[in-house]
Amino acid sequence: MPLTETPDIEAAPRTRPRWWTELPLILLVYACYSAGRLLARGDVSGAVDHGLAILRVEKFLHINAEHPLNRLFTQHAWLGVPADFWYASLHYLVTPALLVWLFRSRTAHYRAARTWLMTSTFIGLIGFTLLPTCPPRLLAAGHGFVDTMAQYSSYGWWGGEASAPRGLGGMTNQYAAMPSLHVGWALWCGIILWRFGGTRLTKFLAVAYPLLTTIVVMGTANHYFLDAVAGVVVMGIGLLLTPLVTRLADRLWTRLAGAVRGFRGGGDPIVSGGCQTSAGERIPRQRESHVAPGAGAGEPAAAPSDAGDGAPAAAR
């Protein structure tokens, strides 16, 4: 995917986003994502079969880079421990930090970028549900993988069974390997940094962050190479769907706002905009002058309300 052209994240929002609406929305999406991962565990035997099928395809294509990377991280703690910290932490830190930076400094691009990220996340959730996949670290030992998260668990806060904090491993779906949203979110961060960073350092980080994340997820035996490829594909589909999702959200918001106005009594006025009534009148133009019966042309009769309470009657 080219990093220099991202036309779908250029459109400015209709109004400036407000943090008190954005924060609950992002938390809601992430809660749905986490709950969906937990509920879509699938059956273990099917997940193992899917993982082995991916591994066979990679071996056939000679792209199974997981084995040499995993051996490297397992044999050298100075590589394995930082990689585990990278895997367990950075997607929780870098992605929200870039969202906040966009919100504060690149407001015109924030809404489209946020919608792209959320759309891709939901697509990834569909992948977890339809294709539960056993990661390399959970395959039988005969397949040659070592779980570095378990090997180096004494160095970090995570437990031996997952990258979650100790005691919370049972609350995660460990068979949500396909696609790799670690790689997908890192790619999103890289494109945002490349497009809106504006310095050589940010462009270097834009390339290094998704590339190193891909190496980390394979070296720690948490994902296959094809999981990483699927994460890139998911982000591409999300980018293509972003304009459609934005239009649908605008329509929904317009209808919701109209319903709220109607509920508050903001309907059409009974009297048209060109007619006005004053106190004591029931119909428009009640006070308009009119010709009295029997009066000559051009001789308007004064209405009692025009004459006033103490004014004499008109001469006959």
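By the sulfur-to-sulfur distance rule, this predicted model has zero disulfides. A disulfide here would need a pair of cysteine sulfur atoms within 2.5 Å. Two cysteines can be placed by burial. Cys-134 is buried, at 1% relative accessibility. Cys-189 is buried as well, with a relative accessible area of 0%.

**Overall layout**

The protein has ten helices and two strands. Read from the N terminus, the order is α-α-α-α-α-α-α-α-α-β-β-α. The two strands therefore follow α9 and precede the last helix, since elements are numbered from the N terminus. The chain has 316 residues, and 40% of them count as buried. Contacts across long stretches of sequence are well represented. Among contacts with a separation of 6 or more, 80% join residues 24 or more positions apart.

**Helix α9 and its partners**

Helix α9 spans residues 225-263, and α7 spans residues 181-196. These two helices pack at an angle of about 50 degrees, with their axes 7 Å apart. That angle makes α7 oblique to α9, because it falls outside the parallel, antiparallel and perpendicular ranges. The crossing is right-handed. On the α7 side, the contact uses Leu-181, Val-183, Gly-184, Trp-185, Leu-187 and Trp-188. On the α9 side it uses Ala-228, Gly-231, Val-232, Val-234 and Met-235. By class, this contact holds nine nonpolar, two polar and no charged residues. Glycine counts as polar here, so Gly-184 and Gly-231 supply the two polar entries.

Helix α2, residues 44-61, also packs on α9. Here the angle is about 95 degrees and the axes are 9 Å apart. Angles from 65 to 115 degrees count as roughly perpendicular, so α2 is roughly perpendicular to α9. Ile-54, Val-57 and Glu-58 of α2 meet Phe-225, Leu-226 and Asp-227 of α9. The residues of this contact divide into four nonpolar, no polar and two charged. Glu and Asp count as charged, so the two charged entries are Glu-58 and Asp-227.

**Helix α2 and distant sequence**

Two residues of α2 pair with positions far along the chain. Gly-46 sits in α2 and is buried, with a relative accessible area of 15%. Its C-alpha atom is 7.3 Å from that of Pro-132, although the two are 86 residues apart along the chain. Asp-49 is in α2 too. At 47% relative accessibility, Asp-49 counts as partly exposed. Its C-alpha atom lies 7.8 Å from that of Thr-133, 84 residues away along the chain.

**Backbone features in the loops**

Which residues does a cis peptide bond join? Met-178 and Pro-179, with omega about 0 degrees. Pro-179 lies in the loop between α6 (148-151) and α7.

Two residues have a positive phi although neither is a glycine: His-62 and Ala-221. The table sets them side by side.

| Residue | Phi | Loop | Relative accessibility |
|---|---|---|---|
| His-62 | about 60 degrees | between α2 and α3 (66-75) | 70%, exposed |
| Ala-221 | about 65 degrees | between α8 (200-219) and α9 | 0%, buried |

Is each of these residues buried or exposed? His-62 is exposed, because its 70% is over the 50% cut-off. Ala-221 is buried, because its 0% is under the 20% cut-off.

Definitions and conventions. Residues are numbered from 1 along each chain as its sequence is written. This is a predicted model: local features need pLDDT of at least 70, side-chain atom pairs count only at pLDDT 80 or more; totals for chains, interfaces and linings use all residues. Side-chain values use heavy atoms; hydrogens and water are left out. Axes are lines fitted to C-alpha atoms, for helices over the stretch in contact, and angles run from 0 to 180 degrees between N-to-C directions. Helices (H or I, at least four residues) and strands (E, at least two) are DSSP runs, numbered from the N terminus. Angles under 35 degrees count as roughly parallel, over 145 as roughly antiparallel, 65 to 115 as roughly perpendicular and the rest as oblique. A crossing is left-handed if the near helix is turned anticlockwise from the far one by less than a right angle, and right-handed if clockwise. Contact means heavy atoms within 4.5 Å. Buried means under 20% relative accessible area, exposed over 50%, partly exposed in between (1.4 Å probe, protein chains only).
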